[in-house]
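This report looks at how some helices and strands are arranged relative to one another, beginning with a pair of helices.

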Amino acid sequence: MSGPAAPAGPRAAGAGEPAPAVFAALADPTRWRLLGTLAAQGEGTATTLAAQLPVSRPAVVKHLVVLDRAGLVDRRRSGREVRYRVRPERLDATARQMAAVAAAWDRRLAAIKRMAEG
Amino acid sequence: MAEDQIEREVRIDAPIERVWALVTEPEHVGAWFGDAGAEIELRPGGDFKLSWVEHGTVHGRVEQVEPPHRFAYRWLIAGPAEPTPANSTLVEFTLRADGDGTLLRVVESGFAGLEVDGGDAERDRRREDNVGGWRIELDELVAYARQWAVR
């Protein structure tokens with residue numbers, strides 16, 4: 001999770017490329033809804049989330065594991081329950097990386113413009 | 001709203017043919033994109049290689065060539081390999097004449113399809129889910145999540 005992409009080597013590891021694990025975790029429509037539901041209410045358990053979504057509790061658990069692995073949620077045990085919460089840092093980092101990719105294209109287009117008009 | 005694609009456009013005060021040459025000819029691409037040369041076989045399926053002194057070579061494949069309006073290629077996240085939606089993103093240039101000048105638009109897409117490692121059943125299923133064109137409303141979700149994080 002470095003800052004903006006270096007002007008050279010945009011494909012190099014750590015050079016601001018969006019994290020595939022995060023995109024992969026977000027790519028599933030059910031997980032996307034799950035994350036949205038969790039974000040909207042701050043916290044939830046597999047049971048409360050399954051009650052709000054057209055998905056079984058075991059399926060919710062499976063999706064939460066994927067989101068947890070991608071660092072998009074954190075979990076804490078509370079008695080017999082596991083409570084989940086969205087971790088905004090990781091989403092934030094991904095949004096910043098996309099902004100870095102956009103900035104890299106802006107630089108390249110500006111260079112083409114200079115060369116074309118020069 | 002952030003999506004799994006990046007779109008950028010610039011107006012250039014030069015004729016479309018000149019811009020087309022800058023976007024597609026290796027000696028120019030090697031100057032505004034890489035810094036250690038480029039090799040582009042300008043035909044669909046052709047090789048695309050872009051080199052940097054510091055970072056080595058990025059490989060890809062030309063997907064579309066319609067002079068002087070459309071040029072598209074896939075470029076790989078790592079190493080030379082057969083480009084697929086799992087290991088590469090798609091870069092599409094569109095050129096349009098605008099008076100004496102040219103509107104140059106670039107779209108890089110497919111970040112959501114990238115995979116960290118090999119496929120499995122879950123990922124295959126996910127790829128099918130994605131066909132309809134999934135978009136990330138990332139900013140919205142970040143704002144949402146933040147609102148709770150401060151409590």
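## Helices H2 and H4 of chain A

In this predicted model, helix H2 (residues 29-41) of chain A and helix H4 (residues 57-69) of chain A have axes that come within 10 Å and cross at roughly 80°. Angles from 65 to 115 degrees count as roughly perpendicular, and H2(A) and H4(A) are therefore roughly perpendicular to each other.

On the side of H2(A), the residues that meet H4(A) are A:Thr30, A:Arg31, A:Leu34 and A:Leu35, and their counterparts in H4(A) are A:Val60, A:His63, A:Val66 and A:Leu67. Sorted by class, this contact of H2(A) with H4(A) comprises five nonpolar, two polar and one charged residues.

## A helix pair across chains A and B

Helix H5 (residues 88-117) of chain A and helix H1 (residues 16-24) of chain B also have axes that come within 10 Å, and these cross at roughly 130°, which makes H5(A) oblique to H1(B). The crossing in which H5(A) passes H1(B) is right-handed.

From H5(A), the contact involves A:Ile112, A:Met115 and A:Ala116, while H1(B) contributes B:Arg18, B:Val19, B:Leu22 and B:Val23. By class, the residues where H5(A) touches H1(B) divide into six nonpolar, no polar and one charged.

## Strand S3 of chain B and its partners

In a regular strand the side chains alternate between the two faces of the sheet. Strand S3 (residues 47-52) of chain B shows such an alternation, with B:Phe48, B:Leu50 and B:Trp52 pointing to one face and buried, whereas B:Asp47, B:Lys49 and B:Ser51 point to the other face and are not buried.

Strand S2 (residues 38-40) of chain B runs antiparallel to S3(B) and is joined to S3(B) by three bridges; B:Phe48, one of the buried residues of S3(B), is the bridge partner of B:Ile40. The hairpin of S2(B) and S3(B) has six residues between the strands, and in this hairpin B:Gly45 takes a positive phi near 90°.

With strand S4 (residues 56-66) of chain B, S3(B) pairs in the antiparallel sense over six bridges, and these two strands form a hairpin with three residues between them. B:Trp52, which is also buried, has B:Gly56 in S4(B) as its bridge partner.

## A cis peptide bond after S4

The peptide bond that joins B:Pro67 and B:Pro68 is cis, with omega at about -10°. B:Pro68 lies in the loop between S4 and strand S5 (70-76) of chain B.

Terms used
Residues numbered from 1 in each chain as written. Chains lettered and ligands numbered in written order. Predicted model: local features only at pLDDT ≥ 70, side-chain atom pairs only at ≥ 80, totals over all residues. Axes fitted to C-alpha atoms, helices over the stretch in contact; angles between N-to-C directions. Helix = DSSP H or I, 4+ residues; strand = E, 2+ residues; numbered from the N terminus. Parallel < 35°, antiparallel > 145°, perpendicular 65-115°, else oblique. Contact = placed C-beta atoms within 7 Å. Nonpolar A, V, L, I, M, F, W, Y, C, P; charged D, E, K, R; others polar. Buried ≥ 20, exposed ≤ 12 C-beta atoms within 10 Å, placed from the backbone. Pairing = 2+ DSSP bridges. Left-handed = near helix turned anticlockwise from the far one by under 90°.
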